[in-house]
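Colleague: I should like to look closely at a single part of this protein. Please examine the structure shown below with me.

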Amino acid sequence: MPLALPKASRQECDQMNLFSDIRELVIAALDDLAAQGTLPAGLDLAAVAVEPPRDAAHGDMATNAAMVLAKPSGLQPRIIADALAARLMQDPRIAGADVAGPGFLNLRLDPAVWHNLLRATLTQGVDYGRSSLGQGLRVNVEFVSANPTGPMHVGHVRGAVFGDALARLLAFTGWDVTREYYINDGGAQVDVLARSAFERYREANGLEPEIREGLYPGDYLIPVGEALKDKYGATLLDQPESVWLTEVRDFATELMMAEIRNDLRVLGVEMDVYSSEKALYGTGKIEAAIDRLRAQGLIYEGILEPPKGKTPEDWEPREQTLFRSTAHGDDVDRPVKKSDGGWTYFAPDIAYHYDKVERGFDALIDIFGADHGGYVKRMKAAVSALSNGRVPLDIKLIQLVKLYKNGEPFKMSKRAGTFVTLRDVVEQAGADVTRFVMLTRKNDAALDFDFDKVLEQSKDNPVFYVQYANARINSVLRKARDAGIDVSDQSLLAADISILTHEAELAMARKIAEWPRLVEIASRNNEPHRVAFYLYELASDFHGLWNRGNDDSSLRFIQDGDIATSQAKIALARSVSVVICAGLGILGVTPVEEMR
RNA sequence: GCACCCAUAGCUCAGCUGGAUAGAGUGCUGCCCUCCGAAGGCAGAGGUCAUAGGUUCGAAUCCUAUUGGGUGCGCCA
């Protein structure tokens with residue numbers, strides 16, 4: 001959902017996004033050309049872009065202005081490009097402007113631009129790249145929302161990490177973010193939990209548990225049974241289910257949620273709000289949400305067509321209460337009541353999302369497992385109807401994680417109780433590694449998680465590679481300090497950075513300049529994985545520069561006996577470190593200063 | 001049958017919401033340690049971006065169809 005921003009606020013808050021700065025320069029130049037009559041007035045400049053060129057040999061930045069304006073202006077791209085180039089050359093920041101290819105204008109920037117950029121990076125620290133893109137609007141990110149029937153397993157981890165990183169990314173780009181967990185404690189599965197826990201309670205009282213088919217067999221319920229015994233002694237043993245079900249259910253659910261909160265904390269995820277499905281029942285909230293839809297003529301009694309080609313055997317036409325989701329883009333209308341008159345799961349979901357709309361959020365994001373892909377359209381339809389199209393809902397589907405150990409697939413069986421828990425993963429791989437690796441794929445692609453590879457210390461492990469770059473930089477800082485060089489950010493800022501003129505060093509600065517732009521793109525698309533990939537590239541460039549120092553000692557960061565030069569070069573390294581720390585911060589990964 | 005997601009180098013994947021000669025890692029081939037850290041470095045080979053059309057100055061990217069894979073499709077959440 002791209003948002004148009006007034007120029008003034010952009011300049012105040014996003015001081016050092018070079019790409020938007022130069023784009024504004026290009027736009028201003030085009031306005032001048034229009035004022036002079038070189039270009040027709042009133043052209044739509046929205047499609048004018050300033051981007052990094054694919055090949056660095058083409059220059060520092062490229063703009064497509066001449067090509068996108070050729071048709072609406074009725075002029076040849078070459079004519080526009082030449083005029084624009086001449087106009088841009090009047091700005092001190094532009095050192096060169098060459099027309100190339102089909103009409104690209106390649107810009108070379110004055111080295112002082114890069115030097116300013118490095119100073120800005122050091123000044124702003126890990127706030128470098130922060131923006132006002134979200135304009136302080138309120139966004140609700142709902143994620144994890146695992147059923148409170150057991151500890152979190154590895155399948156939940158990716159959703160948790162993704163949601164948390166997305167929340168951090170949005171906060172970094174100017175959104176007011178609420179992280180929310182929807183507790184599915186209103187359905188039959190929590191009754192199953194209660195019955196399973198009750199068997200463990202009998203076990204704690206010295207009786208033989210009967211873990212019947214359909215109950216949860218996992219050992220994690222044994223402590224729950226013991227806790228029940230501590231609370232109730234033997235008093236529930238001879239009671240019928242009708243007496244204990246509600247109490248045991250609430251008790252067990254609460255313990256499971258405590259467990260889940262703990263698991264999330266281990267991963268470094270803190271929720272702002274926990275919402276309960278159960279709490280929606282009996283309050284009239286579900287009825288109110290349905291009535292709201294009814295008032296729009298979107299609720300009716302009707303009979304659904306059976307799915308074609310694959311009709312369930314026990315299918316029979318049945319009149320049901322339906323939500324006319326097709327009026328808001330869905331393929332078929334969806335039932336909100338079961339045949340026994342109770343709500344379907346969809347009804348409380350509608351009420352829950354209505355509640356989020358009512359709480360005043362400007363945008364909603366749901367993070368679902370890929371197996372819930374079938375609910376995307378109906379959920380969007382519901383939010384569209386409930387908010388009169390005001391509140392956009394983006395739903396990100398998280399694909400499966402395939403576990404590997406020694407290159408072999410690692411099978412999980414829920415029934416045998418041998419699933420890999422979140423705790424297992426974090427204990428073996430560590431929270432930082434787990435988080436980073438989970439973000440090295442886009443959310444809609446399946447991800448392989450190999451316990452051996454993620455702990456490997458080599459170049460093909462992106463976590464290590466990025467951390468290693470930061471550690472190297474800190475190693476330089478330590479060495480410089482030992483050599484008596486002042487490497488505080490203040491004194492680096494005071495250093496004469498303009499002596500950095502080597503093409504490799506300016507290329508490094510160019511990569512740093514991409515950070516604010518990358519963050520913006522990642523945020524607009526709700527794609528935190530882009531941050532992880534950028535960090536890998538940044539680290540790779542840094543390692544490359546480091547290695548060139550092996551052959552060309554003038555590229556080393558510490559120049560013996562030349563404090564001024566050393567400080568300038570260290571300022572560059574320190575800037576890289578700042579961006580790595582900012583990026584890792586978005587991913588929720590702790591930067592390390594030393595490899596062990 | 002329908003909907004959604006996916007298809008890019010031998011393998012695992014990026015690819016900037018339409019830009020220039022499609023990029024990394026890994027694997028393969030060949031070089032390189034007296035070196036701020038070789039847990040590496042440099043270079044090379046490797047592509048019909050699943051297929052066929054369309055849209056336009058320009059398509060891996062957008063549209064249509066087809067093929068192949070995944071997920072889901074009333075009384076489970």
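Colleague: In which strand is the place of Q320? Please describe the surroundings of Q320 as well.

Modeller: The model is a predicted one, in which local features need pLDDT of at least 70 and side-chain atom pairs count only at pLDDT 80 or more, while totals for chains, interfaces and linings use all residues. Residues are numbered from 1 along each chain as its sequence is written, chains are lettered from A and ligands numbered from 1 in the order in which they are written, and side-chain values use heavy atoms, with hydrogens and water left out.

Q320 lies in strand β9; strands (E, at least two residues) are DSSP runs, numbered from the N terminus. Strand β9 covers residues 319-323 and belongs to an open sheet of 3 strands, in the order β8-β9-β10, with antiparallel pairing. Two strands pair if DSSP finds at least two bridges between them. The edge strands, each pairing on one side only, are β8 (299-303) and β10 (334-335). Between β8 and β9 the antiparallel pairing extends over 5 bridges, and I299 stands opposite F323 of β9.

As for Q320 itself, this residue counts as buried because its relative accessibility is 18%; buried means under 20% relative accessible area, exposed over 50%, and partly exposed in between, with a 1.4 Å probe and protein chains only. Leaving aside residues up to four places away in sequence, Q320 touches Y300, E301, G302, L304, P335 and K337, where contact means heavy atoms within 4.5 Å.

Terms used: Helices (H or I, at least four residues) and strands (E, at least two) are DSSP runs, numbered from the N terminus.
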